[in-house]
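Subject: Structure for you to look at

Hello,

Here is the structure we talked about, with the sequence alongside. Please open both before reading the notes that follow.

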Amino acid sequence: MLDKVIFFFFAGVAILSAALMVTRRNAMHSAVFLITTLLATAGIFLQLRAEFIFIAQVILYVGGIMVLFIFVIMLVSLDVALHQVQFSRQKWVALFVTLALAAEVGVMLWSSRQVPGQGFLVPNAMPAGKLPANTEALAGRLFDAYLLPFEIASVLLLVAMVGAVVMAKKRT
Amino acid sequence: MMPIGYYLFLSMALFLIGAIGVITRRNVIVVLMSIELILNAANINLVAFSRIFGDVAGQVFALFIIADAAAEAAVGLGIIIAFFRNRETVLEDEMGLLKW
Amino acid sequence: MHPTLHAVLVFLQTWWVELVSGVVIVAVVPLVAGYLVLMERKLMADMQARLGPMRVGPHGLLQPIADAVKLLIKEDIIPDHADKMIFWLAPVTSMTAALTALGGIAFGPSFLVARDINVGLLFVVGVSSMGLLGIMLGGWASNSHYSIIGALRSTAQLVSYETAGGLALISGLLLAGTLKIRAIVDAQEQYGVWFVFLAPVAFFIYLVASIAETNRAPFDLPEAESELVAGYMTEYSGFRWALYFLGEYTNMIVVGAVAATLFLGGWLRPFPNVRWMNWLDAVPALFTAAVGAYSVYRAGKQPVRVQVWFMWGVALACFVVVLILAAPLVVAPLKFMVPGLNGVFWFLLKITAYIYLFMWLRFTLPRYRFDQLMHLGWYILIPLAIVNVLAVGVAVILETAYGWNRWLAMLLATVITLAVALFLLRLNDKRAAPASSATPPEEPSAEDFYAG
C-alpha cells in the first residue's frame, strides 16, 4: 500500500513537472521544473530499491547537469527571447504524431494485459527484503563484467571535458 | 513493486513529453533539457526491468546513460555558448544560416 | 475498520520513530544553528579582546531568540523585477537540502533518523550538494548585478571544492569499505583507531574543502561584507535572509557530522577498545554535571530576575541530562546503554570541535582572492586528493593481499602523498614567479566572471 502511494506520488509529480517544463516561457522556470522532474525520477528509482542509481541521479543530474544548465541560462538569458513565439510552426503536427505514438503504445500495453504469461508482469520479482545490497552488487558487476565500458565511459568524459573547454574558450 | 505496466506507462509518458519538447520548442536550451528528459525515461525503463528480472546489469547501463548524458550536456551547452557569442540568439530557426 | 484508515495507522505504527525524528530535526536544528551564530560572535569577541553580545540574556545567551524575533517581524522586500517564484524558492531549497542531509546522519548506534541507508554517506554528501541550487537560483532571481556575480562565483567555488572533498572522502571510504554510516563507525571500532590517524592527509583535504563548501572564511569572498555587498544574499531581507544564513550554519553542522563519522570515529570515545581507558565513559556525565554546577553558581550573581530563572533552567536541564547519562553507569542492568547515550555526547562534542576549528580559522586567516581560491582548488587540492586516493588504495591492497602491517602501509601512503604535495607547491611557485614578471596582466573581459 505504501509502495503504491509512493509510486503514484512520484509518478504524478514527474509527469506534471515534465509537462510544465516544456510549456514555460521562461527558460529558468523550465530548468526548475526539470529539477523537480529529475528528483521525482530519483524517487521512482528509490521505490524500485535501486539506491545507488537514486543517489547517482541526485548528485550527477540535479547537482551537476542542472547546475550547468542554470549557469548557461544565466549567461545567455535574453529579455528579447522571452517575448518571442515559444513554439515553432510545426507544433500541431508534432502533437498529433506524438499522441498517435502514445495511443499505439497504450493500446499495446492494454491489450497485452490479459494474455497469460505476457501480461503486465505482476511482481514475481524478488521481494524487497531479500534483495542483495545494491551498491555492492552494482560495484561487483561494474568492475567485473563491464570493466571495458567503464573505462570507455571515463575516456568519453575526458573527451567531453576537453571539448567543452575548447568550445567555450574565447578565441584570443 | 507495482506491475511493470505502470513503470512502462510512466516511462512512455516522460518520453513523449520530452519528444514534444524537442520538436516544438524554439529555444535550444529547452530542447537540450527535453533530451535529458528522454534519457531519464529510458533510465526508468531500464531500472524497472532490472528490478523485475533481478539482474543488476540494467542499473549498470542506467549509470552509463547518466554519465553519457552529463558529457553530452556539457558539450552541447559549450556549443550553445560558442554560438551565442557569434549570433546573439538562442532560437533554433535563427541558427539556420551557415554563412554570415 | 475502513481500509484507508487501517493503512494509515499501520504506516504510523511502522514509521513513527522516523517521523518524530524528522520533526525534531526540523524543529531543533534551526535553534541550534542560531546558537552557533551566538557561539561564533562570542568567540570572535574573545579573540578580538572584547566581550560580544552581553545584553539580551545572561551573557547574551538569549541573543539568538531576539535575532529570530527581529527577523520575523521585518518587512518582506522583493526587488522590482525579481522572479517571484524563484525568489521564494531559493532560500527554501538551501535550508531544505541542509536539513534533509542531516536526516541521513547517525548520532549514536541507535539514534538515526532514517533506517541505515545502503548509500548513507553518499546520501548526505549528495543531498547537501543540492544547496548549491539554492545559491544559484537566489542570485539569479534577485535581478541585481551583485547577486548574479556573487552567485556565479559562489557556485564555481562550491563545485570545485566539492570535487576535492568527495575525493578525500573516497580515501576514507577505502579504509571503511562501505557507505553505510553504522558500518563505517563499526569499522573504526574494529580497527581500534579513528581514520584520521590512518589517513591524515585525507582529513586535511576534507577540512579545507568543507570550509570552502560552506562559504566560510578564508573562502568567503562571495559573501563577505566588504566585497560584493553580500553576494547572492544582497536582495534578501528578513526571514528569507535568515533561512539562507541558518542554512549555511546547518550546512556546517552537516559537514562536521560527515567528518566526525568518517574520520573522527563517530560516536566512539577516544581509545574505543583500550580497556584501561574505560574511565573515559564517565566523562560525559561529569562534564554535564560541571556545566550544571557552574550554572547554579552563576545564577545567584545575575542582575536581572529573568536571567536568574534562565540560569536555573539551564542548571535543571543539565541535572536531568546527568541523570540520564549517569544512570547506566551506576545501575548495573542498564550497562548496555552506555555506548549509545555517551555516543551522542561524543558525537556532538566532535562536531562542536570541528565547528570551533572553522570559527578559529575564520578569525585568524585573511580572505583568499577569487582566482587564488580557484587556483588552490584545481591546481593543488584536486591533484593531491587524486594521488591520495591512489596511495590509500595501494596501502589497503598491501595490507590485505600482501600482509603488510597496517600502520606501515598507511604511513607509506601518507609519505607519498606529502611528497606529491611538496612537488605541487614547488611547481606552483615556479609557475607563478616568472609569469608575473614577464607578461603584463590582461584586460578582464566582460564575460570573465573570475576577474578580480
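Which residues does Leu121(C) touch, not counting residues up to four places away in sequence? They are Leu169(C), Leu173(C), Leu179(C), Ile181(C), Ile184(C), Val258(C) and Leu262(C). Two residues are in contact here if their C-beta atoms, placed from the backbone, lie within 7 Å.

Before the rest, some ground rules. This is a predicted model, in which local features need pLDDT of at least 70 and side-chain atom pairs count only at pLDDT 80 or more, while totals for chains, interfaces and linings use all residues. Residues are numbered from 1 along each chain as its sequence is written, and chains are lettered from A and ligands numbered from 1 in the order in which they are written.

The core

Leu121(C) is also among the residues with the most contacts inside the largest nonpolar core, together with Ala31(A), Met66(A), Ile29(B) and Ile205(C). That core has 191 residues, and α3(A) gives the most to it, with 19 residues. A nonpolar core is a set of buried Ala, Val, Leu, Ile, Met, Phe, Trp, Tyr and Cys residues joined through C-beta atoms within 7 Å. A residue is buried if 20 or more other C-beta atoms lie within 10 Å of its own, exposed if 12 or fewer, and partly exposed in between.

Chain A

Chain A has seven helices and zero strands. Helices (H or I, at least four residues) and strands (E, at least two) are DSSP runs, numbered from the N terminus. Of the 172 residues in chain A, 31% count as buried. Among the contacts of chain A with a separation of 6 or more, 54% join residues 24 or more positions apart.

The domain assignment splits chain A into domain 1 (1-83) and domain 2 (131-172); such bounds come from an automatic or database domain assignment. The centres of these two domains of chain A, taken over C-alpha atoms, are 22 Å apart. Four residues of domain 1 of chain A are in contact with four residues of domain 2 of chain A. On the domain 1 side, two of these are nonpolar, none polar and two charged. For this sorting, Ala, Val, Leu, Ile, Met, Phe, Trp, Tyr, Cys and Pro count as nonpolar, Asp, Glu, Lys and Arg as charged, and the others, Gly among them, as polar.

One residue to find in chain A is Phe8(A), in helix α1 (residues 2-21). Why does Phe8(A) count as partly exposed? Because Phe8(A) has 13 C-beta neighbours inside 10 Å. Phe8(A) and Arg24(A) are 16 residues apart in sequence, and their C-alpha atoms are 24 Å apart in space.

Chain B

Chain B has three helices and zero strands. Its C-alpha trace spans about 55 × 25 × 15 Å along its principal axes. The radius of gyration of chain B is 17 Å, where a compact globule of 100 residues would have one near 13 Å. That radius is taken over C-alpha atoms, and the globule rule is 2.2 Å times the number of residues to the power 0.38. Of the 100 residues in chain B, 52% are buried.

Where the chains meet

Two pairs of chains touch, and the most contacts are between chains A and B. In that pair, 61 residues of chain B are in contact with 72 residues of chain A. The chain B side draws two or more residues from each of α1 (4-24), α2 (28-53) and α3 (57-87) of chain B, and α3(B) has the largest share, 22 residues. By type, the chain B side divides into 46 nonpolar, nine polar and six charged residues.

The contact between chains A and C takes 20 residues from chain A and 23 residues from chain C. On the chain A side, α2 (27-47), α3 (51-76) and α6 (134-142) give two or more residues. The most come from α3(A), with eleven residues. The chain A side here has 15 nonpolar, four polar and one charged. Chains B and C do not touch, and their nearest C-alpha atoms are 10 Å apart.

Chain C

Chain C is divided into domain 1 (20-73), domain 2 (82-262 + 369-433) and domain 3 (275-356). The centres of domains 2 and 3 of chain C, taken over C-alpha atoms, are 31 Å apart.

Regards
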